[in-house]
Structures are given as structure tokens and as C-alpha cells.
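Trainee: Got a minute to go through this one with me? I'd like to start with one helix and work outwards.

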2 protein chains.
Amino acid sequence: MLKKKITLKHIARELEVSISTVSKALKNSEEISRETKEKIQAFAKLYNYKPNNIAISLKNKRTKNIGVVIPDIVHHFFTTVVRGVEKYANTKGYNVIVCLSDESFDKEVINMELLANGSIDGFIMSLSSGTQKENDYNHLKEVTEQGIPLVLFDRITNEVECDKVIIDDAMGAYLATKKLIEQGRKRIGLITTHDYLSVSKARTTGYQKALKEFGVSEQQDLILKMPSMEMDGQLIENFIKNSKVDAILTVNEIFSIYGMQVAQDLGLKIPDDISFIGFTDGLLSKYANPSLTSIAQHGERMGEISAEMLIQKIESEEEEETYQTKILEPTLIERNSTIN
Amino acid sequence: MLKKKITLKHIARELEVSISTVSKALKNSEEISRETKEKIQAFAKLYNYKPNNIAISLKNKRTKNIGVVIPDIVHHFFTTVVRGVEKYANTKGYNVIVCLSDESFDKEVINMELLANGSIDGFIMSLSSGTQKENDYNHLKEVTEQGIPLVLFDRITNEVECDKVIIDDAMGAYLATKKLIEQGRKRIGLITTHDYLSVSKARTTGYQKALKEFGVSEQQDLILKMPSMEMDGQLIENFIKNSKVDAILTVNEIFSIYGMQVAQDLGLKIPDDISFIGFTDGLLSKYANPSLTSIAQHGERMGEISAEMLIQKIESEEEEETYQTKILEPTLIERNSTIN
DNA sequence: TTGTAGGCGTTATCAG
DNA sequence: CTGATAACGCCTACAA
């Protein structure tokens, strides 16, 4: 019953020719006679011969695999990036090996080391919070020193020389804050995470820049820093109750969604009494009630660009030591949490 | 600057011993003298020697890679499954290659054929809608005939003999419908997709079973079949307006979320005038307003079980021709769309 | 205790 | 036009 994979050797033996003749015949080489080629090709087709990827990888020192290392996969933004990577990679004949660091430094290191031993031709990754906290990038440096191309996206670091793709997080926060100010909001809060996350830091900067630039006199920083990646509902509730904000910008969707619920429970009208803008224009923003105005991060595009940059590096012969950082423009998507 | 990967050959040449001596020494073989072993191990460590995965794969005919083929990755349920697969696979030293079929039969076929040529040791997959529509499973049969283990989850077919993992979709729909009936709902609608999707079909069956079993006299089927995977807001709106339902069960989250918005726009109170239950207990259900009662599909557990079954098959020597189907119990998670 | 040889499946070079 | 040989990196049975 088992139709095991057939190899060049089998064909050669069966047809009583040499392995190299078979190999050439299947490549339609000019060296081989029409007759022999036809015989071999017919036989190969009949038995559904397909070359073994692993053997080819060993020979070519090319796997046609891309390693994508992300902190979490149950996460809208990262999945859109993966989709973008897949999309581009597939057109170029590459497969995508997905590894989850689970926001852990150790897992990130282990995963990368494993894949770096020949399983992939290059990495596309976003740093785990654990890594950004430890601020230790030796595993990345080792990879690049071995000549394995690396593209960092979204959560990046300046410690490593490699190609990078991000959106202009500061500008995103700036745009959002500006929008709120222009709507006449006077006390604009920011709910963020720790600054060791590169993106949160950049967003905070953008928020502060806008405040400074357009700042109404009484304006001041109203920043809530969540202690962990998890959401702490109580903190948000207290923040809304005590800080008397009339607008809130959050570095993700969840904080906003939850904030809106708290606000509504407190009897506040959205957006009349308080308005919200979140980051990461995902499903939650679209389907929230009221729908959430948010800063689109263009994950899919980011994935495509990352894959393009990576494959370009993989396939370029020369050892170019030039790296670039592509910065995408964020887009403000207006919904009912700021307008009605 | 480039510290290229070092091989056994390099070490052997450098230390003026044979390759096999190096190989054995690094495996701490008894055959090799203490002295030689120490010398070799020290050198290997210094130069950070790591065996090449590809070479080992070729030799062992084992890649330690699992191919996961799913219709879409920007999708909560599938990502939870992937996470479960990763979790279990990693503990067993396997990597996960993710391929997206994009709901397309053709892409599913291409992806699988590519990976089947030696890149993976087994498949975990959920059928694309395109495949279920075509009802053509030859690509799956070929894979299993080649002796490559396959586990189907969620969207499965009886046409292929292999291990399967699903939740009891009929029971899920039955439980939900029963709950609605017990709450005194009289006109319970179902919003689903085409029946060629195995899960939608099963859910419809469960819904009808409950209606029949508990059916209030006036009860009848109030079924809206969405023509595509995409959501058509207009159809839902008309359905709610015209069918006079006082409860709706939907085969995913989105239909419910959207339905709730339509209902609220029509001035209906949830859950007083109309209540909702959806499938796939994801973020949307949790953060919707009101929060959505839903049937949890236990994706992560499903992924773990799939991986466990697959790896068990991969690593078992014998050609067992026995396949099992594991059926997980769905769980009804009550939220504010049915209670307040 | 160490080394040689052959093989995993493929391709490229060179010889016949 | 066809085939033998070596090589990719590793492992292992068998010699020495």
C-alpha cells in the first residue's frame, strides 16, 4: 500500500542507466539523447518523482526556509505580519518556519540557535519583551556574525546591525494626540507599558511631543504605565476615575476597549465625555462598541517588506554590509470613539 | 569578521585526526581516549560547533519539522491551535512550519506537495473551504500513502483515513440552543455558512436537534446561510429585521458581534429583546459590548492533542494502521449577551 | 584507540 | 551521449 518516495537511484536501477544520467535527463539537459530523456521523464512522471528538498538543501547550502520569530501568535498584529511574510516568501519559493518566543528571552535564544544550525536561510523577528528587558542581544549578533541575514521588525534594537522595518510609532502617537487636542480635549491620558519596549517608548515620545507643541496651558503628562504585558483592569479603572481625563490614547487595542467599558460603566458618554484612540487597528477596534479610532500599523505590509529585504539579502551574492531601516507611516483610522 | 559555521571536517583537519574520531569524541564515545576527547571537545566548544541540522536530517530521514497547514492565520481560533502545536512540539524538539492555504484548494495542494518532499515528518492541518467545496482529497491521500503521518483538526473529512481532532460541534450548537430555549426564547435564529464546511454542517445539525427535542410548537428553522466566508452586513441586518427572532446563534464570533450592533441600532435591548450566542470564544467575545456568550472551541488544547498524536505516529516504529478521532467537549461560556 | 569506507539524495565536473 | 567520481555534513559498521 505504501508508495514510498522514489529517488534518482531507484529510477537509475530500474531503467539500467546511471544516476547522473537520470539527474540530467530530468533537468532536460542537452547532453542526453531525446530517447533516453523521454524514457526517464515518463518513468519519473509515472512514479511521481520529486527531488528531495533536504538533499538539495545540503548540496546548495540553501534551505529556502525563513525563520520567523515572534513573541506571540495569538495576537492580531503579529499574525498580519506573518501573513505578509508568507505572501511574499511563497512567491519566491520560500517556506516559513514560525517560532514563538512567548515573550521570553530564553526561548528566543533557544529557538534561534536551533534554527541557525542550517534549518533556515535567514531570520525575520520581533524582540520578545524579555529580551528588551534584559537588553542582551548576543544571540542576534552571533547569528549575523555567522552571515545569516536578519530583519528586525516592530520591536527592534539599535544594538544590532541589520535591516529593520518599523512604523513611525512616535508619529503615530503624535497624530493621535494632535487629533485629540484639535478636538478640544484638555486632559489627554496615555496608557502604555514599560519603556523597555521600544515601541511603547517611541509612542510615549510622540504623545509628549504633541502635548508640548500644542499644549494647552493646564496640560500635563497623564501617563499610566501598566506593570506587565497583561491588562490590569483595576489600574485602568482607577486611572479613569481619578485622573479626570477627557481623552485617552493607548498603546494597544485592549487597553482602549477595556477603558471604554470602564468609562461607560461610570456613566461617561463616548466620545462626548471622553474619547479614545488605540494602536493596532485590529478586529477589536472595528467591532468594538463604540468602534475604536486607532492607529493602523500596517502589519501585512511590514511583513511583505521584511520578507523582501530578507530574501534580497539571502540571494545577493556580495557581502553587502549596508543595512537600512524602513519606516512606514502609520495611519489614523477614525471611528466612533472620537467622532459621531 | 564572519565566523562561519564550523564542521566536523574543520575540526578534524585542525586537530589532525579523522572525521569519525571527532564525531565519536563529541558524542563522548567510549571508543575514544580521554585525552583525545577532551582536546576535541574543548576545541569544538571554543569554536561553538553545532551539528548541521540538514545533514542530520538527510542521514536520519527525520527532519524534526512539523508542517501545519491552516486556511488563515489572522484568525483567533487557528492561532490558538498553532500555539498549542508549538507548545507540545517544542517540548519534543520539533519545529513548526506554518503554511497558509488562504482558503484555496490550489494553494493547499501546492504547499503540501512542497513540504512533503522531505521537509517535514508529518502534517497537522485544517481543510480550506476551497477543498471542502471541491470535495477533492487526493493530495491528502497521496501524503498518507507515502507513509507521512497526518492529523486533521476542526475542519476534517471522512474521505481520508488519518487521526483527527475536533470538538463536538453538534453538541456545542445543541448546548447553546438548549440554553436559549430554556431562557424562554421562542424564535431562535441561526446564522451560518455553507454546509460544505464540515463544522457549519455539524453545528446546524446540533441546532436543529435541540429545536426538535425541546421545540416549542411555533418553533421553526430560522436559518441564514451566508454565501461566503466574508461577512455581509446587509444580509444580517435584513435577517434580524424580518425574521422577528428573539435569539440568534452564530457559527463564529463576527456574525454575532455584527448582529448585536445591528440589533442595538434597531433599538433592541440585549439580552432582553434578543440574545446572542456565538462560536469561538475569542477576544471579540470577551471584549464586545455587551460581552458575548459563546462556545469555546479549546483551540490550544486541540493543537496540543494534534501534535501529540502526530509525534506519536512519527516516532512509533510500527506501521500502525489504526486511526482515532478525538472529540473534545465544547464549553458554553456565559456572558452578558444572554444574562444580565 | 583511531581511521576507512560507504551511504543518506542530489548535482557538477570530468572522463569515456 | 553516458557514466564514474566527488562533494555537501554527518554517522556508523567495520578495519587496522
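Mentor: Sure. This is a predicted model. Start with α6(B), where B:Phe105, B:Glu108, B:Val109, B:Asn111, B:Met112, B:Leu115 and B:Ala116 are buried.

Trainee: Why would buried positions recur along a helix like that?

Mentor: An α-helix has 3.6 residues a turn, so residues three or four places apart point the same way.

Trainee: What span should the twelve residues of helix α6 of chain B have?

Mentor: It should be 16 Å, because each residue adds 1.5 Å, and the end C-alpha atoms are indeed 16 Å apart. The helix covers residues 105-116.

Trainee: What caps the N-terminal end of α6(B)?

Mentor: B:Ser104 does. One of its side-chain oxygens sits 3.3 Å from the backbone nitrogen of B:Asp106. Just after the helix, B:Gly118 has a positive phi of about 100°.

Trainee: Which residues other than glycine have a positive phi?

Mentor: B:Lys64 is one of them, with phi near 60°. B:Asp154 is another, also near 60°.

Trainee: Where are they, and are they buried or exposed?

Mentor: B:Lys64 is in the loop between α4 and β1 of chain B. B:Lys64 counts as partly exposed because its relative accessibility is 36%. B:Asp154 is in the loop between β4 and β5 of chain B. B:Asp154 has a relative accessible area of 5%, so it counts as buried.

Trainee: New topic: cis peptides. Where are they in chain A?

Mentor: One joins A:Ile270 and A:Pro271, with omega about 5°. Another runs from A:Asn289 to A:Pro290, with omega near 0°.

Trainee: Which loops hold those prolines?

Mentor: A:Pro271 is in the loop between α12 and β9 of chain A. A:Pro290 is in the loop between α13 and β10 of chain A.

Trainee: While we're at β10, what about A:Ser294?

Mentor: A:Ser294 is in that strand. Its relative accessible area is 0%, so it is buried. Its side chain makes a polar contact with the side chain of A:Asp281, at 2.9 Å.

Trainee: What else does A:Ser294 touch?

Mentor: Beyond residues up to four places away in sequence, its contacts include A:Ile277, A:Gly278, A:Thr280, A:Ser285, A:Thr331 and A:Arg335.

Trainee: On to packing. How many residues are in the largest nonpolar core?

Mentor: 129. Those with the most contacts inside it are A:Ile124, A:Phe153, A:Phe276, B:Ile124, B:Phe153 and B:Phe276. A second, separate core has 40 residues, among them A:Cys99, A:Ile166, B:Ile97 and B:Ile166.

Trainee: Pick one of the hubs. What is B:Phe276 in contact with?

Mentor: Setting aside neighbours within four places in sequence, its partners include B:Ile240, B:Ile248, B:Met260, B:Ala263, B:Ile270 and B:Leu292. B:Ser256, B:Thr293, B:Ser337 and B:Thr338 are also among them.

Trainee: Now the DNA. How many residues surround DNA strand C?

Mentor: 26. The closest are A:Tyr49, B:Ser20, B:Thr21, B:Lys24 and B:Lys59. Sugar and phosphate make up 62% of the strand's atoms that come within 4 Å of the protein.

Trainee: Which polar pairs does DNA strand C make?

Mentor: Here are three. An N or O atom in the side chain of A:Ser23 is 3.2 Å from a phosphate oxygen. For B:Ser33, a backbone N or O atom is 2.9 Å from a phosphate oxygen. A:Lys24 goes to a base instead: a polar side-chain atom lies 3.4 Å from a base oxygen.

Trainee: Which element gives the largest share of that surface?

Mentor: α2(A), with four residues. By class, the surface near DNA strand C has nine nonpolar, nine polar and eight charged residues.

Trainee: And which residues are closest to DNA strand D?

Mentor: A:Thr21, A:Lys24, A:Lys61, B:Lys9 and B:Tyr49, out of 25 that surround it. Of its atoms within 4 Å of the protein, 63% belong to sugar or phosphate.

Trainee: What contacts do its phosphate oxygens make?

Mentor: The side chain of A:Thr21 puts an N or O atom 2.6 Å from one. The side chain of B:Tyr49 does so at 2.7 Å. B:Leu8 uses a backbone N or O atom, at 2.8 Å.

Trainee: Which elements supply at least two residues there?

Mentor: α2 and α4 of chain A, plus α1, α2 and α4 of chain B.

How values were computed. Residues numbered from 1 in each chain as written. Chains lettered and ligands numbered in written order. Predicted model: local features only at pLDDT ≥ 70, side-chain atom pairs only at ≥ 80, totals over all residues. Heavy atoms only, no water. Near = heavy atom within 4 Å. Polar contact = N/O pair within 3.5 Å; in protein donor to acceptor, adjacent residues only side chain to side chain. Nonpolar A, V, L, I, M, F, W, Y, C, P; charged D, E, K, R; others polar. Expected span 1.5 Å × (residues − 1). Buried < 20%, exposed > 50% of the residue type's maximum accessible area, 1.4 Å probe, protein only. Core = buried A, V, L, I, M, F, W, Y, C linked by side-chain atoms within 4.5 Å. Contact = heavy atoms within 4.5 Å.
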